[in-house]
Amino acid sequence: MAEIHPSSIEEIVLILDFGAQYTQLIARRVRECNVYCEIISFDTPLDEILARKPKGIIFSGGPASVYEEGAPRCDEAIYDCGVPILGICYGAQLMAYQLGGKVTACEQKEYGRTELEVTDSSGLFAGLEKDLICWMSHGVLVEEAPPGFKAVARTASTPVAAMENSDRDLYGVQFHPEVVHTPWGTEILRNFMYGPCGLKGSWTMASFIETAIKEIREIVGTDRVVCGVSGGIDSCTVAALLHKAIGDQLTCIFVNHGLLRLNEGEKVRQTFDDHFKINLVYVDAEERFLKRLAGVTDPERKRKIIGEEFVRVFEEHASQIRDAIWLGQGTLYPDVIESGTKNAAVIKSHHNVGGLPEDMNLKVLEPLRWLFKDEVRAVAAELGLPDDMVWRQPFPGPGLAIRIVGEVTKPRLDTLRHADDIVVDEIKRAGLYRELWMGFAILAPIRSVGVMGDQRTYDDTIVVRAVTSQDAMTADWAKLPYDLLERISNRVINEVSGVNRVVYDVSSKPPATIEWE
């Protein structure tokens with residue numbers, strides 16, 4: 001496997017992961033400050049850390065208590081390596097504990113929105129107000145800062161809500177600057193990186209594209225590359241980036257499994273043929289997939305059948321491309337993190353990370369492996385992809401098959417496709433499309449009695465699902481306006497044959513998932 005790694009980036013911050021649920025958010029906020037960063041394990045040997053020549057190090061939070069046996073700890077020599085360090089929550093507690101401060105269990109735990117009083121605005125809090133609102137989530141606190149440190153912020157129950165030792169460039173905050181509930185939190189990270197770390201913010205998607213094109217050309221040489229495209233932003237961005245780097249050495253394969261949204265297959269074909277002039281092999285495999293799915297109702301069986309069949313179809317056509325050596329994939333950094341790291345259990349297996357056959361002859365090329373979704377969109381825009389593709393909402397690999405609860409058939413697909421198109425169209429008309437993480441329709445296995453044109457009906461139910469999210473790891477159901485829901489309902493019932501009822505899903509993730517299957 002070949003990764004297009006931003007190894008030539010001079011400005012890098014390393015985030016030591018102590019098992020926090022918010023570690024990925026820290027990385028995203030750092031990137032938003034135009035600083036490249038990576039997440040590594042807390043117990044990475046110090047010589048390996050220093051070999052990366054980081055300009056700054058951030059300790060994440062974590063669920064452990066520093067004084068418990070077996071609590072994760074880093075090499076204490078890291079504090080003397082001359083690299084500025086910022087500890088967040090557990091990371092701040094660990095820094096205080098290892099350097100001689102006093103860390104104790106809270107008499108009153110702090111969770112949620114908390115009033116913060118800044119007592120010194122010369123460092124981390126430069127340019128911020130004295131009285132702020134932050135997000136706390138801890139049952140342990142720093143009661144006394146270590147020798148050489150000064151407390152620079154406090155709350156009603158946490159005397160050392162932030163601490164600094166500017167002589168050694170060591171800093172700690174008890175709150176979580178990475179979450180949106182700390183609205184000024186990015187300023188803390190920026191003050192740390194642009195202050196003690198001396199960074200200038202050279203990480204941009206334009207610079208990434210320049211570096212990636214150079215590395216792709218060096219890795220690929222004169223070889224041919226195949227790339228599977230789905231119509232989603234990730235695979236299309238990979239295709240556009242590879243084409244910019246190697247031109248006609250690239251051939252894309254688009255497998256239309258018949259589970260796409262309305263007219264989506266044709267839109268993808270037009271984009272590649274007309275907009276980019278990329279070599280595209282279009283495979284209409286709808287009948288093949290529907291035959292495999294006939295009679296299948298179990299969600300996991302659906303996913304496995306679709307995944308296995310997709311690989312088979314793709315391999316059949318890839319094998320016909322003469323001298324193809326490389327397979328371009330749209331793996332992203334969250335895919336790698338969520339598929340399991342040393343400090344985090346597997347959240348979900350991603351097809352781009354672990355789903356390829358072991359006997360595959362093609363070598364894998366992953367140009368976007370170190371990017372987050374918002375960075376991919378920025379790359380796509382830089383490369384000139386159409387806006388409707390750049391901002392297209394995420395769509396599951398198994399397509400509409402997991403939005404049809406029960407058996408997948410051609411008539412049920414047509415019903416859902418039509419209803420889903422109405423839902424998306426009305427959301428766009430309301431100007432809410434970019435504000436939602438996803439908005440779509442589900443065909444439920446429920447039939448109910450209705451009255452249409454003075455006639456009794458017994459027809460299908462469409463569920464409307466719309467969520468807001470930062471990263472899809474958690475999601476809230478969207479509070480869509482009633483008049484929008486009314487328009488969606490009226491149009492679906494009047495325009496989609498065989499549907500007489502529309503309902504709205506008001507479940508958040510967790511405990512529900514975004515998709516129904």
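Okay, let's start with one residue: Cys33 is buried, at 1% relative accessibility. Buried here means under 20% relative accessible area, exposed means over 50%, and partly exposed is in between, using a 1.4 Å probe and protein chains only.

Quick word on what we're looking at. This is a predicted model, where local features need pLDDT of at least 70 and side-chain atom pairs count only at pLDDT 80 or more, while totals for chains, interfaces and linings use all residues. Residues are numbered from 1 along each chain as its sequence is written, and side-chain values use heavy atoms, with hydrogens and water left out.

Back to the cysteines. How many disulfides does a search of the whole structure find? Zero. A disulfide here is a pair of cysteine sulfur atoms within 2.5 Å. For Cys33, the closest cysteine sulfur is in Cys37, 9.6 Å away, so that's too far for a bond. Cys197 is buried too, with a relative accessible area of 9%. Its closest cysteine sulfur belongs to Cys81, and at 11 Å that is again too far for a bond.

Now, helix 1, residues 23-32. When I say helix, I mean a DSSP run of H or I with at least four residues; a strand is a run of E with at least two, and both are numbered from the N terminus. Helix 1 is mostly covered, with nine of its 10 residues buried. Among them are Leu25, Ile26 and Val30, but also Arg28, Arg29 and Arg31.

After helix 1 comes Asn34, and its phi is positive, near 65°. Why point that out? Because most residues other than glycine have a negative phi, and most peptide bonds are trans. Asn34 sits in the loop between helix 1 and strand 3 (36-41), and it is partly exposed, at 33% relative accessible area. Lys53 also has a positive phi, near 55°. You'll find Lys53 in the loop between helix 2 (46-51) and strand 4 (56-59), and at 63% relative accessibility Lys53 is exposed.

What about the peptide bonds? Lys509 and Pro510 are joined by a cis one, with omega about -15°. The bond from Pro510 to Pro511 is cis as well, with omega near 10°. Pro510 lies in the segment after strand 19 (499-504), and so does Pro511.

Last topic: helix packing. Two packed helices are described by the angle between their axes and the distance between the axes. The axes are lines fitted to C-alpha atoms, for helices over the stretch in contact, and angles run from 0 to 180 degrees between N-to-C directions.

Helix 5 (residues 205-220) and helix 6 (residues 233-246) have axes that come within 9 Å and cross at roughly 65°. On the helix 5 side, the contact (heavy atoms within 4.5 Å) includes Phe208, Ile209 and Arg217, and on the helix 6 side it includes Leu241, Leu242 and Lys244. By type, the residues of this contact are 10 nonpolar, no polar and two charged. Nonpolar covers Ala, Val, Leu, Ile, Met, Phe, Trp, Tyr, Cys and Pro; charged covers Asp, Glu, Lys and Arg; the others, Gly among them, are polar.

Helix 5 also meets helix 12 (residues 373-383), with axes within 9 Å and crossing at roughly 75°. That makes the two roughly perpendicular; the cut-offs are under 35 degrees for roughly parallel, over 145 for roughly antiparallel, 65 to 115 for roughly perpendicular, and oblique for the rest. Met205 and Ala206 are among the helix 5 residues here, and Glu375 and Leu383 are among those from helix 12.
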